[in-house]
Each structure stands twice: as structure tokens, then as C-alpha cells.
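Got your viewer open and a selection tool at hand? Let's take a walk through this model, one stop at a time.

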Amino acid sequence: MDTRTLGQGLDVSELGLGCMGMSEFYGTADEGEAVRTIQRALELGITFLDTADMYGPFTNERLVGRAIAGRRDEVVLATKFGNRRGEDGSFLGISGHPDYVREACDASLERLGVDHIDLYYQHRVDNQTPIEETVGAMKELVEAGKVRHLGLSEASPATIRRAHAVHPITALQSEWSLWTRDPEPEVIPTVRELGIGFVAYSPLGRGFLSGQITSVEDLDERDFRRRGPRFQGENLQRNLDLVARVQELASERGVTTGQLALAWVLAQGDDVVPIPGTKRVSYLEENAAAASVELSDDDLRRLDEAFPPGAAEGDRYPDMSTVNR
């Protein structure tokens with residue numbers, strides 16, 4: 001697995017591993033298989049691991065911490081704060097208040113069992129707290145040695161600029177894939193101007209670009225995708241038609257649909273690092289193989305024609321109010 005460099009010289013594996021689904025949101029969890037998946041990722045050279053305090057809630061960080069015990073030096077560890085949840089799983093809102101930033105970091109360090117976080121993101125922007133105050137508190141964490149690099153998630157260009165003026169931002173993490181191309185007009189040019197890397201979450205469109213989902217009935221009853229607008233009714237059928245085009249191109253190349261979709265994200269630039277999430281070793285290995293799929297200019301042109309910007313039907317989330325615009 002090759003490496004790529006995000007902002008501020010942070011080198012990471014060219015593919016990361018999103019760990020969220022190992023604990024919540026994607027149906028039944030299997031802790032043993034999840035630990036095996038993380039450890040297999042390290043064997044394959046996928047050493048950029050992504051978690052957050054809200055996943056579980058709180059249990060995902062503990063899981064990742066157990067999986068990397070004794071191997072901390074092999075890992076670039078990213079986690080997030082900002083989406084507040086109760087122990088019962090309830091959602092308590094978004095916070096970027098400086099006191100909360102400090103409390104959240106200390107709690108994450110304890111759950112992960114580490115003395116520092118390599119990349120610490122604000123998970124969602126708190127519209128009630130000036131970003132300068134939030135990043136000011138994050139800067140203090142860097143100065144204290146608890147955090148090495150700072151990141152934002154789902155932030156607008158204006159917010160990114162204001163944050164970067166307080167302390168250099170290493171990475172912006174937002175959704176980017178063939179079916180979510182929202183960052184391309186404004187966000188991507190902004191982060192490139194500022195020297196900030198881009199970490200693409202859900203590069204497989206929450207699994208939809210694997211071509212294996214044809215109905216919400218294919219999903220576990222507890223799977224949060226069942227509530228997603230893109231998985232409903234006419235939206236679903238329109239999106240299935242789009243994926244069918246990608247499947248045809250993947251078949252021509254002799255790769256899976258998911259591998260082609262990941263290769264497309266990888267081809268967007270050496271400052272872009274996709275972090276496909278999975279909780280199974282078999283899917284991890286399939287995703288890892290995408291790093292060796294090279295796309296020609298003609299391949300990229302045909303993918304753009306098959307799945308042009310704005311083609312996907314439906315909002316990304318049932319409630320888009322937490323996405324900073």
C-alpha cells in the first residue's frame with residue numbers, strides 16, 4: 001500500500017479504514033470479526049484508522065484501542081468530537097464549546113488507550129460557537145501534546161478559511177464519491193489553495209456503489225440506511241440505474257463495481273484519501289485491491305458520463321441541517 005500526504009506533511013496510507021460500522025449504524029456488530037478486520041488492515045498496509053466518540057456511542061473507540069494495542073506506532077489514528085450523545089445512545093446536539101473540546105479529547109484518549117491522537121476532527125460544525133473558539137481550543141490540545149494534527153468534517157469553504165487562520169488544518173473529511181460530488185465546485189479548490197488534504201468518507205456511497213443493494217429489504221432492520229432518502233422509492237430506482245452503468249464499466253475492466261468506484265476517488269488527486277468502511281475481512285481485502293486499479297483518461301471520462309455530478313437522487317441524510325454550508 002502506497003502512502004499519500006495530507007496537509008502539514010501528515011503521511012497516511014493511500015486507503016484508510018472507516019471503523020464506524022463495526023459498532024453501530026450498519027446492523028449487527030461482530031466484535032471479533034471487527035478486530036480481525038482492523039488487524040488485517042494493518043497487515044495490508046492500511047494504517048490510517050478512522051473512528052469517533054459518537055460511534056457506539058463510545059464503544060468504537062474502545063474497540064479500535066483494543067485492536068491496535070501493542071501496535072500503536074504502526075497506526076495513524078484519527079478520531080472526532082462534536083456530535084454529543086448520551087450513554088443511552090440519545091443525540092444531544094452539536095458542540096464546539098472550548099470546555100467540551102478539552103473534555104471530549106481526554107475521554108477519547110482514555111477510551112483509545114493512547115497518549116496522543118494523530119488527527120483530531122471537529123465532526124460537525126457548531127453554528128452556536130465561533131469556529132475560532134473551537135479551533136483555538138483544539139490548538140491548545142496540539143500545544144499540550146495530546147493531538148498532532150487538526151481536521152474538520154463537512155465544513156464550508158468560509159468555515160475552513162476561518163479555522164485555518166487560527167491553526168493550520170491538516171485534513172477536511174467530507175463525503176465524496178461518484179454519487180456525492182458536492183465538494184467539487186467550491187470545497188476542493190479551497191482546500192487545495194490552503195494545502196489541506198481531503199479525506200473522503202463513504203467513498204462507496206454507504207455501500208450502494210458496491211452494486212449489492214437493490215432494495216431496503218437487503219438491509220438489516222437496524223441499518224440507518226433504511227431511512228436514507230436515496231434508498232427510498234423512485235430515488236432508489238433512479239440510483240440503481242446509475243449504478244448499473246458503473247457495473248457495466250467494472251465488468252469490462254474485470255474488477256468489482258466497488259473497486260472501480262474506489263479507484264475513481266483515488267484518481268482525483270494524491271491529496272485525496274478515501275476511507276471505505278467495512279466490518280468484514282473479505283470486504284476489506286476487496287477494497288484494498290482497488291489501490292492497484294489504474295484508470296485511464298478514457299475510463300474517467302466514461303465514468304463521468306455514466307454518473308455525472310448531481311445525478312444521484314435524494315439528499316444524503318434525512319436531516320441535512322448539520323452540514324455546514
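The tour below visits helix pairs, a covered helix and some salt bridges.

**Before you start**

You're looking at a predicted model, where local features need pLDDT of at least 70, side-chain atom pairs count only at pLDDT 80 or more, and totals for chains, interfaces and linings use all residues. Residues are numbered from 1 along each chain as its sequence is written, and side-chain values use heavy atoms, with hydrogens and water left out. Helices (H or I, at least four residues) and strands (E, at least two) are DSSP runs, numbered from the N terminus.

**Stop 1: H1 and H2**

Select residues 31–43 for helix H1 and 59–67 for helix H2; these two pack at an angle of about 55°, with axes 9 Å apart. Axes here are lines fitted to C-alpha atoms, for helices over the stretch in contact, and angles run from 0 to 180 degrees between N-to-C directions. H1 and H2 are therefore oblique to each other (under 35 degrees counts as roughly parallel, over 145 as roughly antiparallel, 65 to 115 as roughly perpendicular, and the rest as oblique).

Now show side chains. On H1, pick Glu31, Ala34, Val35, Ile38 and Gln39; they meet Leu63, Val64, Arg66 and Ala67 of H2, where contact means heavy atoms within 4.5 Å. By class, the residues of this contact are six nonpolar, one polar and two charged (Ala, Val, Leu, Ile, Met, Phe, Trp, Tyr, Cys and Pro count as nonpolar, Asp, Glu, Lys and Arg as charged, and the others, Gly among them, as polar).

Stay on H1 and select Glu43 and Arg40, which form a salt bridge with the closest N and O atoms 3.1 Å apart. A salt bridge is a side-chain nitrogen of Lys or Arg within 4 Å of a carboxyl oxygen of Asp or Glu. Both residues lie in H1, three residues apart, about one turn of the helix. Glu43 is exposed at 54% relative accessible area, while Arg40 is partly exposed at 26% (buried is under 20%, exposed over 50%, partly exposed in between, with a 1.4 Å probe and protein chains only).

**Stop 2: H4 and H5**

Next, select 131–143 (helix H4) and 157–166 (helix H5): they pack at about 40°, with their axes 9 Å apart. That makes H4 oblique to H5. Ile131, Glu132, Val135, Gly136 and Lys139 in H4 meet Thr159, Arg162, Ala163 and Val166 in H5. Sorted by class, this contact has four nonpolar, two polar and three charged residues.

**Stop 3: H8 and what covers it**

How many of the residues of H8 are buried? Ten of its ten, among them Trp264. Their cover includes E1, strand E11 (197–201), H7, E12, helix H9 (281–288) and H10.

**Stop 4: bridges across the sequence**

Try Asp270 and Arg4, a salt bridge with its closest N and O atoms 3.8 Å apart. Asp270 sits in the loop between helix H8 (257–266) and strand E12 (272–274) and Arg4 in strand E1 (residues 3–5), so the pair ties together parts 266 residues apart in sequence. Asp270 is exposed at 61%, whereas Arg4 is buried at 9%.

Then jump to Glu252 and Arg302, whose side chains meet in a salt bridge (3.0 Å, N to O). Glu252 lies in helix H7 (residues 233–253) and Arg302 in helix H10 (residues 297–306), so this pair ties together parts 50 residues apart in sequence.

For a last selection, take Glu154, Glu175, Asp182, Arg206 and Arg316, joined into one network by salt bridges that share partners.
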